[in-house]
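Please look at the model shown here with its aromatic rings and its nonpolar interior in mind. The report below takes up these topics in turn.

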Amino acid sequence: AWKSWWDQETPEAAPVPYYDDHLTPFERLLLVRCLREDRTMLAAAPYIKTLLGPEYMDPQPLDLKAVVSEAGPATPLLFLLSHGADPTGSIEGLAKRCKKQLQTISMGQGQEPAAHAMISNGFVTGDWVLCQNCHLGLPFLRELEDMLVKVDQTAINDEFRLWVTSEPHKAFPIGLLQMSVKLTNEPPQGMRAGILRSYSWMTQDLFDNFRRPEWRPMLFTISMLHSIVQERRKFGPIGWCIPYEFNYGDWSASIQFIQNHLTTIGDDPKKGAPVSYDTIRYMVSEIQYGGRVTDDKDRVLLATITEVLIAPKILTPDFAFCPGYNIPRYEEIQKHREFIQDRIPEVDPPEVFGLNSNADITYRLRTAAKVLATILDIQPRSGATAGSITREDQVVLTSDDLLKKLPPAWHKATVKELLQKIGHRQPLNIFCGQEIDRLQVVIILVRRTLQDLKLAIAGTIVMSTELQEALDYLYDSRVPPRWVRVSWPSPNLGLWFQEVIKRHEQLNDWILHDRPAKYWLTGF
């Protein structure tokens, strides 16, 4: 029964053998984490929905108009930039809807005087000012902070708003950060959320622009394409050789070209020329989205994706890009949004991206490990554990235990003598010597770190940054990064240390008793 449960494609949704009626949602999550780590985040979703409510799992649309109402004229609106999410188009669209003049400047060397002039003029006229990529002009940000602190707020036009976009930077002025309304607009996770985001950029007027039957299916197809090219980034080099920052501008330019094309051929399908799918595919894959692509293999991939998606078959009533990914056939945009919310699967199969299930497993394992590591990193670092043992005392006990089990380092002269006895010029014995040298580095580093850590906890030596990091990782039963850099990755400290002992045993037996008849290959 357990083997059958483990082999399920969705074990988090399947009944648990023997215990299904007795498990709480959290216990079910722990079970999935232990036996099928790749499904951990999928099992966490129903747990969060049960505990906090479904609104904590659904993507929340960003209401910029409410943000503008909340901020005052002397309060900057700071957008923290992330890959694949450019807020410029949204800010420009809001300015048009609010009938405000938006002055835009991209920061860089020599742009400070022009930015100062725009902001000073906006104080008087009430125009909005958008300063883009301010991480490239950090001295200007310090001047801007002084300017906003010293300015007479009663002299600023109430309609004025200052927008600032910047990547996270260690040297960003803290004062400016504290006085700002901070926003981030990360790309949505999953196909359903991505397509819904694209539909949030549309209006009913855009839907009604053309009567041709290709128009609305084409809008959904471009939105589907936009979500696919963004979602493939999460698979790393398997998705794209280079992670490109596809954003709203690429989607908007593609929609604009399709509008121009339909205008050129005519709105009446009976009188006008047929839609040239080859032209649209070429423009989308080589110009609109392809303009960002620099790798040859990525260009071939993008051309293949557009060839599969943008085709006459999208006009077929029952056509689906993948099971569950049908095109809505309504005239009202709200019904399209409801169809996407209700009918598009919440969990995307890798086939919709043109990938194998192994790519999905790799991605989900990496994501689960990253999330769990982050949860451990933000745990409190002080206080006593059960039995009134402090974390420092616990690490000292762990260090003593590891030092007792840690094998002794080899003496170079002894190793050289033993290798000569078994034939130090034979290729495999040369390899054995190289492996001993590498493992020697690991053993010496581990012993020195554990000994220094005990001295630092006792107050004999200074607790350095590296020792503090080792203390945190050992307390969480994780391998310190400094050890990983000279050895090999492992999910936890126990497995890693057992491999150190087994590798030492294999190499020690080799030099003492000649070349073995069989090898532990992954132990090299």
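Tyr 199, Phe 207, Phe 220, Phe 319 and Phe 321 form one aromatic cluster, where rings of Phe, Tyr and Trp (its six-membered ring) pair if their centres lie within 6.5 Å, with planes under 30 degrees apart counted as stacked, over 60 as edge-to-face and the rest as tilted. This is a predicted model, in which local features need pLDDT of at least 70 and side-chain atom pairs count only at pLDDT 80 or more, while totals for chains, interfaces and linings use all residues. Residues are numbered from 1 along each chain as its sequence is written, and side-chain values use heavy atoms, with hydrogens and water left out.

Two members of that cluster, Phe 220 and Phe 321, return with Met 224 as the residues with the most contacts inside the largest nonpolar core, which has 51 residues. Such a core is a set of buried Ala, Val, Leu, Ile, Met, Phe, Trp, Tyr and Cys residues joined through side-chain atoms within 4.5 Å, and buried means under 20% relative accessible area, exposed over 50% and partly exposed in between (1.4 Å probe, protein chains only). Among the elements that give two or more residues to this core are helix H9 (191-200), helix H11 (215-231) and helix H16 (357-377), and H11 gives the most, with nine residues; helices (H or I, at least four residues) are DSSP runs numbered from the N terminus. Leaving out residues up to four places away in sequence, Phe 321 touches Phe 220, Thr 221, Met 224, Leu 309, Ile 314 and Ile 327, contact meaning heavy atoms within 4.5 Å.

The structure holds 26 aromatic pairs. One of them joins Trp 240 and Phe 246, which are tilted, at 5.7 Å centre to centre and 55 degrees between the planes, and both residues are buried. Trp 240 also has a charged end over its ring, a term that requires NZ of Lys or CZ of Arg within 6 Å of the ring centre and within 35 degrees of the ring normal.

| Charged residue | Ring | Distance from ring centre |
|---|---|---|
| Arg 36 | Trp 6 | 5.7 Å |
| Arg 232 | Trp 240 | 5.9 Å |

In the loop between H11 and H12 lies Lys 234, which is buried, with a relative accessible area of 19%. Beyond four places in sequence, Lys 234 touches Phe 353, Tyr 363 and Arg 366.
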